[in-house]
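Reader: I should be grateful for a close reading of one interface in this assembly, followed by some account of the local features elsewhere in the chains.

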Amino acid sequence: MLKQFLINILLTFVWVALTGDFELGNYAFGFLLSYFILRSAAVKNGGVSYFNRIPKIIGFLFFFLYEMLKANLQVAYDVITPRFFMKPGIVKFPLSAKTDLEITLLANCISLTPGTLIIAVSDDRKAIFVHVMYLEDRDKFVEEVKNGLERRLLEILR
Amino acid sequence: MSLYDFLSYVIMPALSISTLLVFYRFIIGPNVMDRVVALELLISIGIATITVFSIVSDNATFLDVAMILALIAFLGTVAYSYYIEKKEKNE
Amino acid sequence: MTSNFIILPLLLHMATAIVLMFLWKRITAQRIISVISNIVILIVGILLFMQTWKTGIITMQAGNWPAPFGITFVADVFSSTMVLFTSISALAVSIYSTVGINRARMKYGYFPIFHFLFMGLNGAFLTGDVFNLYVWFEIVIISSFVLMTLGGKKPQMESAIKYVAMNMLASVIFLTAIAILYGLTGSLNMADLSIKIAQIENRGLVNITGLLFFIGFGIKSAVFPLYYWLPSSYHTPPSAIAAIFGGLLTKVGIYALFRFFTLIFIPNEFITTAFSLIAVATLITGALGSIIKRDMRRMFSYLIVCHIGFMIAGLGLFTEVALAGALFYLFHDIIVKTNLFLVSGIIYRIKGTMNMPKLGGLYAEYPKLSLIMAIVFFSLVGIPPLSGFWPKINLFQAGFFGGNYLLIVAMIIASFVTLYVIAKMWTEAFWKTAPPLDPDEKAYIDGFTVLRPFSKLLLVFPVVMLMMVSLYIGFGAENIMVISKHIAAQMMDTSPYIKAVLGNEALNIQ
Amino acid sequence: MNDVLIMIFSGLGVLFILIASIGIVRMPDFFLRLSVTVKATTLGVGFILLSTVIYFGDLSVTTKSLAIILFLLLTSPVGAQLIGRVSYFTGTKLWKNSVLDELKGKYNEETHVLGSEDKEGD
Amino acid sequence: MLLAILSGFLIAICLLFLGKQLKGNLPLAVSILPITLFVYFCTFLPGIGEGQTFFQHIPWIPSMGIHLDFKLDGLSLLFSLLITGIGSLVFLYSSSYLKGHIYIGRFYGYLCVFMASMLGVVLSDNLLVLFVFWELTAISSFFLIGFNNDNEASRKSSLLAWAITGGGGFFLMAGFILIGNVSGTYSLQEMLSSSELLKSHFLYAIMLFLIFAGAFTKSAQFPFHFWLPGAMKAPTPVSAYLHSATMVKAGIYLIARFTPILGNHPYWNNTLLIVGGITMVYGAFHSIFRIDLKGILAYSTISALGILVFLLGIGTHDALLAASVFILVHAFYKAGLFLIAGVIDHETGTRDVSQLAGLRKVMAPLAIAGGLAALSSAGIPLTLSFVSKDLIYEATLNSGNSALLFTLIAILTNIFLSYSGYLAGIKPFVGSLPAKFSEVHLPSGFMWLPPLFLGLGGLLFGLFPSLLDSSLIQPVIHAMGANDTVVSLKLWHGFNTVLMLSALTIVCGIILYLILKPSLKRLNAIGKLDSFSPQTIFMSLAKGTKFIALRYTKFMHNGFLRSYLTKIIFFLVCLIGYYLIRNVDIQLYTDKHTAISMYEAIVFSIMIVAIFTIVFSPSRFVAIISLSVMGYCMCLFFVYYGAPDLAMTQFTIDTLTTVLFVLVLLKLPPYLRIKDKAAQVRDGFLAGAFGILISVIALQVLNEPTNKNISRFYADNAYLLGKGKNVVNVILVDFRGYDTLVEITVLTIAAIGVYSMLKIQSSEIE
Amino acid sequence: MKIILLKTAANYLLPLLLLFSVFILLRGHYEPGGGFVGGLIASIAFILHSLANGLDSTKALLKYSPFYFIPFGLSIAILSGLAPLFVGEPFMTVLWFENPLPVIGLIGSALFFDIGVYLVVIGVTLTILFTISESV
Amino acid sequence: MELLFVVLIGVLYGTGIYLMLRRSMVKLLVGLLLLGNGANLLIFLLGDLVKGNPPVISPDSSVFTAVYADPIPQSLILTAIVISFGLQSFAIILLKKVYLATGSDNLDDLNTHDLDI
Ligand code: NA
Ligand code: NA
């Protein structure tokens, strides 16, 4: 119930921002609109109580941006230099994340950091298969992701 | 160098070159999924191009197109993978 | 009556179609509503015709935007007559369909599509805007696609591909022509175009645009050498649908040709010569095709092609007399061709085949029905004083007047062949005793006799109704001829049309 | 000032895009190409969108730009995963220098089920 | 007069639709109609005799100059009397001939239609009205010949008869219209004054050709005669009525009618002489070989019709007079012979003249009738026929340069005709009665009285020809334009050349009769000539036409869609390309064009490559994905050139189309790739030409200034009046909202179509 | 395709895209967009949903068969065109309410027309695609 | 730029027809699609090209202050695009249905009935 409401509020803000009209009427309209859309779409998903997580979210965002930039530069270097330094491979990454949302966000984050790409999620949701460009040590890689991305993400979501 | 010139003579050409490169991959393939990836990248570059063009022509209206592209391109990707998965080796 | 009255014929069809969509699969209700709606529209059609006949051209500026800025609907005598005849056919076919169309087809949207199709036809007749005409054409063709494929039998599908491909090609050419027209004039309003086109100095380009329109409409009207879709497809759908096709689909192309080449692109000598030659080729091609076909509906298809030639001949001769003749022929043809396919449907129901060698004995089994059918056939042939005869007089007159002897020869041949094939069909299907069945063939049970009397009536009544109309056209030819001459005169002098649409000032500027 | 920022952002954006484009041409196998493109474009397009935000300085443009970025972040990895998965299962081979393939043998061709452990019974 | 004609049609309609309810003596009741009409027309005799003409004018289609104008003059009256008079006899005769036939109602219906139409033909003064009735006679003839429609020969003959006469009819129609065009009227009466104008017109020959085409086909002139023997499939009273006494004479009537208008011109006379001459000899010659009674009569009828045409061709006063009388005479004796043949057939079951003999013993009154008719046919003195034969010889003898030839032809013909007359009228009755006919007895009086009556009539008028001359014949030839002389018919002219010739004819006829016995062998002998008879030629022409039609139709409509498309595009390219090259000064002005920027050029080249990938890619999937690339390039162009709405829509719709393709293509068979170099090159040329054509036209249009008034109006008023700032959208929902309404309807229909096509089960249909 | 990532993404995209489609629809009179594109985007949202979750779940979500959106939308469009007839204006004359509403701006019958278009487009697109998916 | 458009249009028309003349149903359909795009571009071109200025009145003005692209061709193309979408979807389904009926993508397999007499 609360989750739904929060999403409703969120969508209202999206609406207001999208239209760029900050009058009260627009909020009301946006609220009603997203209410009806949610009602009709009846999305079932996990909401979160935001407010205590906002700092963590911001922290995560910066961590993520940093990772992204860093890795991007590495890939960029490899791409524009004539020789390839890659050691690609597909790694099975056992999941701690459980819900669809958690898995999806984790997977997206992994994919967005260069050098790694989710190729598949097992149908029993126990593992994801990651394509890694610079695979020096399989276990070390799994460990890094577990403690880095996955932990931080789950902290926000749970 | 004005912003306009920079965008027109550096950014747009650079984007165009990217487009050409990706299109080259699109043409050579070698398999269909390569083409799908190339198409997706082409559309992303398109989004960028339209965005830059909206600055060049000083008209925010075009951003809407970019937005639609971003929203909808995904469906194409889903459809293609759906196709490949179902179809397997019929070609 | 406000000018909104003009668009009632199409709005009512649309409204009916929407209501019928809500009543999806409730076929009894659909049947009743469809027939009632068609009766109402026919009344509207009659009123509209009387209105235009009495008061001249009526216009409606859609959305209240003055022409040439908005879309103008124009009802002159030509369009209102077309609407009237179309409505008559529509009523007949809808009554016929209540029994003549398979229930499964009704459950899958036959009636809504039927009304959409007629909405498209009426729209095409009434619009005064080129692009709007394109849009109405699209309604017509997509509805015809659906009707053509409704039922999904294999021959239907096969012919539909050809039908669809060629009609879509025609649409593209039409659109191409519109593009050029807009590039030349910046306008889409027909009356406005009439003025603007006349002022363009580069006549070559203007005529090329006209020729492109001709190709586009020509495919739809099935003239030589653009007619292939017609004999490929008309024999496959059920008779009621074929009746709409045979009676009306090509006619809307003809209507557009007449409209365009009398209002916007006044043909020069090259174009009239081209039209004449095309008319000759169409007449001959249709005639030759009809000679060899032994399937009744295939033969009728070629006769449609053949008779299109008479109408194109009117454009080729391009005199008031000729146009009047072609128009008369057009009106006659709508009614008769519709009826022809309805009749073929009844025959099919009785005998289970359209193959003439296999048919037989109809006259002995159904003498009165056969005589009614005979009147339909003879109207088609143009046995005087039935309806098909009178317009030929005008065309011959104009042919002699213009020294177009080739055309006259072609018209004689076409008339002769029509007479021959119909007479032959009569001797085979009606006179001959039905041939014995092959031993391995299953005997067909007469699907007509088993019907309840009321159902029989629903099948026969439309035929009789249309027959009466064609008898009226024949015996009351004076009235039709006066109308046709009136329209032809309006075609030769476009200023009333322009004045009605754009107001008096437009002509002064010119 | 704004102009310089815009130039920087757009320049960065184009750089990433260019790199991705070169990547897609040069990379030796499909998964590598996929890998290179997905994020580079997201980042590149993101930067360019940021420059529009600065240029127009208008809330609705900002929202739109952010919406696009958000969208790309959400959809492009998912898309890449779809493509990657399908490619793998339809038999796209890994690069010859690959070091590990833990996905091999986990997909059941008949049931189309992807297990987390190796297929049982064979 | 209209009433007289209409009454026939009205009764016919009743008969056709209530046919089955008519039983018993109703046929006799129907016979009252022709009798009444006959009496009615007789009442005009005095007036006509005094030189009066009766008119009736009822407007019908005034806007085309078509009125129900009727004119009764001598010629019309002669025919009207024949039509109703012979009609009365035939009506009565048929009541017995077809007694108990289930379709007797129908039969009388057709007969009434025919009689009324025939009256219409001879009474109409308006050419087109005349034509209306003309065609109606053809159609009633069609129905009557095909009356026994379960007989294939009967169907074929009726079709042939209609094809020939109907085909001629269309020529006639063209001729009438041409004459109407030139003279400015369709009224025969008014046309009389345009005679010179018509004859000096440069299309005079065409007029003649067209009119004669109609008249000759109807009157069974060589080479169109062959439908007439076939028409003998009709019940015998019909043959008597239509195919001998009346309908076939419609052509003669027409020629006679036009004599004062178009006649007296070398083309006119010579054509008639040649055609008539050939026909009379040809018909007469053929008649002597037949053994079927009706066959004999058919050919002798053809010959008689030839004589009439021939006489009209001579065109002198004498000839016209001879023709007028001969019309009457021929009707009398030929109808009589037919009716007799009918009785014989009806009673003995055969018409084979080689078998028939001695019937006088069982049907004496008929034998008398037969004798009278045969004598009449031979022109034995005391019959009217004798008078007529005299007149014919007189006409040929006085016909100027070719008199000798003409006379010889006439004699020859008449000898043959006498022979065939004896054969039909006397042969069956003389000799000894074969045993198989001993049971034969005289039928009801309705059947034998009419022929007897006709025979006696011939005798009566032969004895007192003056009954006719001033009351009827004089007005007739006046109507044909010879209005300067007084006619006086005499049975006895004294001993002169003409009498000698008559006597010669009779004698030769008798000799011939005595030598030549009808036999199958001789029939077969003449049958060998059939291989180059006009009928054979016509039939092979028809066959040839059919063959050509088949080849042509299969060539044009060969089942291959690509062939159709090729033809369409080829036509388009030729027509428009030709016009473009001839009439447009192709020029290239680039000064007004917008500049090409590098990124546009790149999008352009990508698009071109994508298009060619679509075309040539071996994989369907690649083609479709390239389609996406192409659409996306278009989208970029739309953005560059200020069309964001378009870009959005194009992109969304392209994506949806892709999804559709993907869903549908899943289960399609492999992409078809057929290597056919020749076809590829040919299509490539055609497609290239088409593309270039469109490009060139587009370039030329770009050179023309565009009037932007309307779009300026939209731009100026979009916000002020339309209250919107996106002009495109304002156009879509407001200025041109109708387009949008229709367009969503198109979508609706497409959706219904897709839904129905996929959901409907073929098992539900039929 | 039962792919977790896709499913999740589609579930979140659905409301977002629907919202966006309404946005596009309503502002069409002022900026690019309108009933068409709006309707197309909404249908794409549902199609995506159906590709990810299966057709049945999308159908359950919609409650009504998309087919009935069509006559419904057509009715709205045609009624908005008929409205001016009661004021004595020609068919499809746009009527405007006196006062502008927040967000949407002036409300005119054109807006209802566009809403009709929106609904028809959704109905049509979904009918077509769902029918095909069912029969593939 | 007009020249490039002209070339493009020519190529679209030419290749569209070329594809329609092949024997494959799919190619036929794709050909029609290309032709439709060609026609749309033609409308666009002949309505005159104006770069970068959509026919949208700026938010702070009630009339156009600068040049703008002609909105009429755009609205025509929009209508045409949507209509051809309707037709194309129908045609695509038809193609599938024909395939189900005949089991072939080859148009030449569809001429069984045309030659019947
Ligand atoms: Na222009
Ligand atoms: Na121009």
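Author: The reply below takes the interface of chain F and chain E as its main subject and then turns to single residues, one helix and the other chain pairs.

The model is predicted, so local features need pLDDT of at least 70 and side-chain atom pairs count only at pLDDT 80 or more, whereas totals for chains, interfaces and linings use all residues. Residues are numbered from 1 along each chain as its sequence is written, chains are lettered from A and ligands numbered from 1 in the order in which they are written, and side-chain values use heavy atoms, with hydrogens and water left out.

At the interface in question, 41 residues of chain F are in contact with 40 residues of chain E, where contact means heavy atoms within 4.5 Å. The size of an interface is often given as the accessible area lost when the parts come together. Here the buried area is about 3500 Å², and carbon and sulfur atoms give 79% of that area; buried area is the accessible area (1.4 Å probe) that two parts lose on being put together, summed over both.

What does the rule find across this interface in the way of polar pairing? There are 6 residue pairs in polar contact between chain F and chain E, both residues being at pLDDT 80 or more. A polar contact is a pair of N or O atoms within 3.5 Å; within protein, one must be able to donate a hydrogen and the other to accept it, and residues adjacent in sequence count only if both atoms are side-chain atoms. The rule also finds 1 salt bridge across the interface, a term for a side-chain nitrogen of Lys or Arg within 4 Å of a carboxyl oxygen of Asp or Glu. The side chains of Glu134(F) and Lys759(E) meet in a salt bridge, with 2.4 Å from N to O.

On the side of chain F that touches chain E, the elements giving two or more residues are α2 (35-53), α4 (69-86) and α5 (109-135) of chain F. Of these, α5(F) gives the most, with 16 residues. Helices (H or I, at least four residues) and strands (E, at least two) are DSSP runs, numbered from the N terminus. By residue type, this side of chain F divides into 28 nonpolar, 9 polar and 4 charged residues. In that division, Ala, Val, Leu, Ile, Met, Phe, Trp, Tyr, Cys and Pro count as nonpolar, Asp, Glu, Lys and Arg as charged, and the others, Gly among them, as polar.

Helix α2 of chain F also holds Asn53(F). This residue is buried, with a relative accessible area of 17%; buried means under 20% relative accessible area, exposed over 50%, and partly exposed in between (1.4 Å probe, protein chains only). The side chain of Asn53(F) makes a polar contact of 3.2 Å with the side chain of Asn11(F). Apart from neighbours within four places in sequence, Asn53(F) is in contact with Lys7(F) and Asn11(F).

In chain E, Thr185(E) sits in the loop between α7 (152-183) and α8 (188-191) and counts as buried at 12% relative accessibility. A polar atom of its side chain lies 2.9 Å from the backbone nitrogen of Ser187(E), and a polar contact of 3.0 Å joins the side chains of Thr185(E) and Glu190(E). Not counting residues up to four places away in sequence, Thr185(E) touches Gly180(E), Glu190(E) and Met191(E).

Some backbone features also deserve notice. A cis peptide bond with omega of about 5° joins Phe222(E) and Pro223(E), and Pro223(E) lies in the loop between α10 (204-218) and α11 (227-231) of chain E. In chain C, Phe224(C) and Pro225(C) are joined by a cis peptide bond with omega of about -10°; Pro225(C) is in the loop between α9 (203-221) and α10 (229-233). Phe318(C), which is not a glycine, has a positive phi near 50° and counts as buried at 15% relative accessibility.

As for chain G, 17 of the 19 residues of α1(G) are buried, so this helix is largely enclosed by the rest of the structure.

Among the chain pairs, chains C and E share the most contacts of the 13 pairs in contact. No contact joins chain D and chain E, whose closest C-alpha atoms lie 14 Å apart.
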